Amino acid sequence: MVHHTAIVSGGNTGIGAAIARGLLAEGYDVISLSRRKPDWSHPKLSSREVDLLDATATRQAADEIAAKVAITHVVHNAGAIRAKLLEEVADEDVGALAQLHFGAAIALAQAALPGMKQARFGRIVLLSSRAALGAATRTVYSATKAGIIGMARTWALELAPFGITVNVVAPGPIGDTEMFESVMSPESERARKLAQSIPLGRLGKSADVARAVTFFSSPDADFITGQTLYVCGGASIGSISI
């Protein structure tokens with residue numbers, strides 16, 4: 001039986017914590033990479049505190065983990081919005097989200113690849129967003145989340161010969177996360193109207209996203225690569241009012 005060890009970035013709270021719990025339930029060892037330790041525990045959960053906006057620290061943490069354990073799964077969930085109108089976007093926003101959404105993903109994947117290639121097995125799951133299709137005040141967020149999809153398709157082509165799959169999960173509005181609460185209160189009238197505008201009539205839950213990640217992470221999902229799954233209640237095919 002193959003032993004699975006997954007790195008989950010941002011695995012301490014919200015969607016990341018739900019993903020970590022889902023993989024733990026499948027028997028995987030999980031290593032959370034985030035600025036804060038999870039406030040919950042599990043015998044097979046460990047964590048490493050790192051600021052993923054720091055490229056050097058991220059690469060060092062990834063390399064140190066890969067030197068100690070064989071990483072079979074990389075789930076890059078960590079993200080930030082930095083909601084601003086176009087006129088307000090700063091160069092620093094571009095650099096920060098490019099590092100967080102692209103740079104950190106690349107560092108984690110590069111650290112894991114030697115072991116994955118040797119084992120001829122690996123699963124890489126990247127978290128994009130419905131906002132990749134466009135959303136007001138999301139210039140840099142939308143651009144980098146759209147870029148994740150292109151990056152994953154490229155990796156899928158490069159890594160398929162080694163038995164490594166690369167897929168994307170793109171959540172819609174997920175109401176039980178700190179990121180959502182940074183934009184609006186889940187109990188607000190604005191959130192209620194947003195939920196009504198989603199075809200399935202509700203905000204998403206972290207567990208909805210985690211189930212999709214668990215599916216792509218499965219050894220049985222070995223003929224699926226380069227795909228993007230929108231977990232959005234139909235928001236990717238209809239109009240929503242954020």
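Buried, on this tour, means under 20% relative accessible area, exposed means over 50%, and partly exposed is what lies in between. Keep that in mind for I31, which has a relative accessible area of 10% and is therefore buried. One caution before you start clicking: the model is predicted.

**Stop 1: the whole chain**

Show the cartoon and colour by secondary structure. You should be looking at 7 helices and 7 strands. Follow the chain from its start and the order reads β-α-β-β-α-β-α-β-α-β-α-α-α-β.

Now for the overall dimensions. The C-alpha trace spans about 50 × 35 × 35 Å along its principal axes. For 242 residues, a compact globule would come out with a radius of gyration near 18 Å, and the 17 Å of this chain agrees with that. Of the 242 residues, 50% are buried.

If you draw contacts, look at how far they reach along the sequence: taking those between residues at least 6 apart, 69% join residues at least 24 apart. Switch to a surface and you have about 11300 Å² exposed, with carbon and sulfur atoms supplying 55% of it. Colour by charge next: there are 23 positive and 22 negative charges, and their mean positions lie 3 Å apart.

**Stop 2: I31 in strand 2**

Select I31, which sits in strand 2, residues 29-34. What does I31 touch once neighbours within four places in sequence are set aside? The partners are T5, A6, I7, V8, S46, I65 and V69. Put a distance on the I31 and V8 pair: the two are 23 residues apart in sequence, yet their C-alpha atoms are 6.1 Å apart.

**Stop 3: helix 1**

Step back along the sequence to helix 1, residues 14-25. Its 12 residues should span 16 Å at 1.5 Å a residue, and the end C-alpha atoms are 17 Å apart, so the two agree.

Is helix 1 largely enclosed or largely open? Because 9 of its 12 residues are buried, helix 1 is largely enclosed by the rest of the structure. To see them, select I15, G16, A17, A18, I19, A20, G22, L23 and L24. Just past the end of the helix, click G27, which takes a positive phi of about 95 degrees.

**Stop 4: T58 in helix 2**

Go on to T58, in helix 2, residues 55-68. Its relative accessibility is 1%, so T58 counts as buried. Show what surrounds the residue: beyond four places in sequence, T58 touches V50, D51, L52, Q99, A104 and A107.

**Stop 5: two arginines with positive phi**

Some background for the Ramachandran plot: most residues other than glycine have a negative phi. Now select R82, which is not a glycine and has a positive phi of about 55 degrees. You'll find R82 in the loop between strand 4 (73-76) and helix 3 (91-119). With 31% relative accessibility, R82 counts as partly exposed.

The other one to pick is R120, with a positive phi near 55 degrees, again in a residue other than glycine. R120 is in the loop between helix 3 and strand 5 (122-127). Is R120 buried or exposed? At 51% relative accessibility, against a cut-off of over 50%, R120 counts as exposed.

**Stop 6: helix 7**

Finish at helix 7, residues 206-217. Its 12 residues should span 16 Å, and the end C-alpha atoms are 16 Å apart, which agrees. With 9 of those 12 residues buried, helix 7 is largely enclosed by the rest of the structure. The buried set to select is S206, D208, V209, A210, A212, V213, T214, F216 and S217.

Which elements do the buried residues of helix 7 pack against? They pack against helix 1, strand 4, strand 5, strand 6 (164-171) and strand 7 (228-231).

Last click in this helix: F215, which is partly exposed, with a relative accessible area of 42%. Leaving out residues up to four places away in sequence, F215 touches A221 and I224. Then draw a line from F215 back to G22, one of the buried residues of helix 1. F215 and G22 are 193 residues apart in sequence and 9.9 Å apart in space, C-alpha to C-alpha.

Methods:
Residues numbered from 1 in each chain as written. Predicted model: local features only at pLDDT ≥ 70, side-chain atom pairs only at ≥ 80, totals over all residues. Heavy atoms only, no water. Helix = DSSP H or I, 4+ residues; strand = E, 2+ residues; numbered from the N terminus. Rg over C-alpha atoms; globule rule 2.2 N^0.38 Å. Buried < 20%, exposed > 50% of the residue type's maximum accessible area, 1.4 Å probe, protein only. Contact = heavy atoms within 4.5 Å. Areas by Shrake-Rupley, 256 points an atom, 1.4 Å probe, with all protein chains shown as cover. Lys, Arg positive; Asp, Glu negative; His and termini not counted. Charge placed at Lys NZ, Arg CZ, Asp CG, Glu CD. Expected span 1.5 Å × (residues − 1).
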